[in-house]
Amino acid sequence: MGGEQPLSRLDALRFARRVVEQQAVRQLRLIDQWIADEECRETERRKGEQMRPAPPDWLIQYGLNRSNVDAVHTGDCWAAAKSGRCRPATRQQAIDALRRQVPPCIHCRPDTALGILD
C-alpha cells in the first residue's frame, strides 16, 4: 500500500532499547529528585535539632486547675514529659517547692539530685 516494509527484527530490538533507555532515564531522574528531597528534609531536621533550646534542669508540675503544685521533676524526667502540665523552674524554685512539702517525683527523684534529704 504505502510502500512501507515490515520492521526487521534488528530494528524492533533497537526500538525496544530506546524505549527502555528513555524509561530508565525518567526513573533515574525521579529517584534523584526523591534523594534531593530527602537530603533537604534531613538538613532541616538537623538544623532544627541544633536550634532547639536546651531542656530545663528542673520542672514543676501543676495540677489540673493550673494553680496547685503537684510535683517537682528533673528536666529529663519521662513522667513529666508525659503529664504535659510542667513548667521550667530554676534550681532555687525547685528547692523552695520541695521545702514547701511539694512531693518529689518518685521516678526521677529531684530531691536526691538537689541534695535534699529528709
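Start with a greasy spot on the outside: Leu 30, Ile 31, Trp 34 and Ile 35 form a nonpolar surface patch whose accessible area adds up to about 380 Å². Patch here has a set meaning: its residues have over 30% relative accessible area and no salt bridge, with nonpolar side chains (Val, Leu, Ile, Met, Phe, Trp, Tyr) joined within 5 Å and like charges joined within 9 Å. The areas come from the Shrake-Rupley method with a 1.4 Å probe, and for residues only the protein chains shown count as cover. Leu 30 sits in helix α1, residues 9–51; helices are DSSP runs of H or I with at least four residues, strands are runs of E with at least two, and both are numbered from the N terminus. Leu 30 is partly exposed, at 36% relative accessible area, on a scale where buried is under 20%, exposed is over 50% and partly exposed lies in between (1.4 Å probe, protein chains only).

Keep in mind that this is a predicted model, in which local features need pLDDT of at least 70 and side-chain atom pairs count only at pLDDT 80 or more, while totals for chains, interfaces and linings use all residues. Residues are numbered from 1 along each chain as its sequence is written, and side-chain values use heavy atoms, with hydrogens and water left out.

Now for the charges. Side chains of opposite charge can pair when their charged atoms come close. The structure holds eight salt bridges, each being a side-chain nitrogen of Lys or Arg within 4 Å of a carboxyl oxygen of Asp or Glu. Along helix α1, Arg 41 and Glu 38 are three residues apart, which puts about one helical turn between them, and their side chains meet in a salt bridge at 2.8 Å, N to O. Glu 38 is partly exposed, with 41% relative accessible area. Glu 44 and Lys 47 repeat the spacing, being three residues apart in helix α1 and so separated by about one helical turn. Their closest N and O atoms are 3.9 Å apart, and Lys 47 is partly exposed at 42%. There is also a network: Glu 42, Arg 45, Arg 46 and Glu 49 are linked by salt bridges.

Away from that helix, Arg 85 pairs with Asp 70 in a salt bridge, the closest N and O atoms being 3.5 Å apart. This pair links distant parts of the chain, 15 residues apart: Arg 85 is in the loop between α2 (78–83) and β3 (86–89), and Asp 70 is in strand β2 (residues 69–74). Arg 85 is partly exposed at 24% relative accessibility, and Asp 70 is partly exposed at 31%.

Next, the inside. A nonpolar core is a set of buried Ala, Val, Leu, Ile, Met, Phe, Trp, Tyr and Cys residues joined through side-chain atoms within 4.5 Å. The largest one has 12 residues, including Trp 58, Tyr 62, Val 72, Leu 98 and Val 102. Two elements, β1 (58–62) and α3 (91–99), give two or more residues to this core, and α3 provides the largest share with four. Setting aside neighbours within four places in sequence, Ile 95 is in contact (heavy atoms within 4.5 Å) with Leu 114 and Ile 116. Apart from this core lies another, of six residues, among them Cys 77, Ala 80, Cys 105 and Cys 108.

With cysteines in that second core, how many disulfides are there? The count is zero, taking a disulfide as a pair of cysteine sulfur atoms within 2.5 Å. For Cys 77, the nearest cysteine sulfur is that of Cys 108, 3.6 Å away. Cys 77 is buried at 5% relative accessibility, and Cys 108 is buried at 17%.

Finally, a look at the backbone. Most residues other than glycine have a negative phi, and most peptide bonds are trans. Gln 101, which is not a glycine, has a positive phi of about 70°. Gln 101 lies in the loop between α3 and α4 and is exposed, at 68% relative accessible area. Arg 109 is in the loop between α3 and α4 too, with a positive phi near 50°; Arg 109 is partly exposed at 35%.
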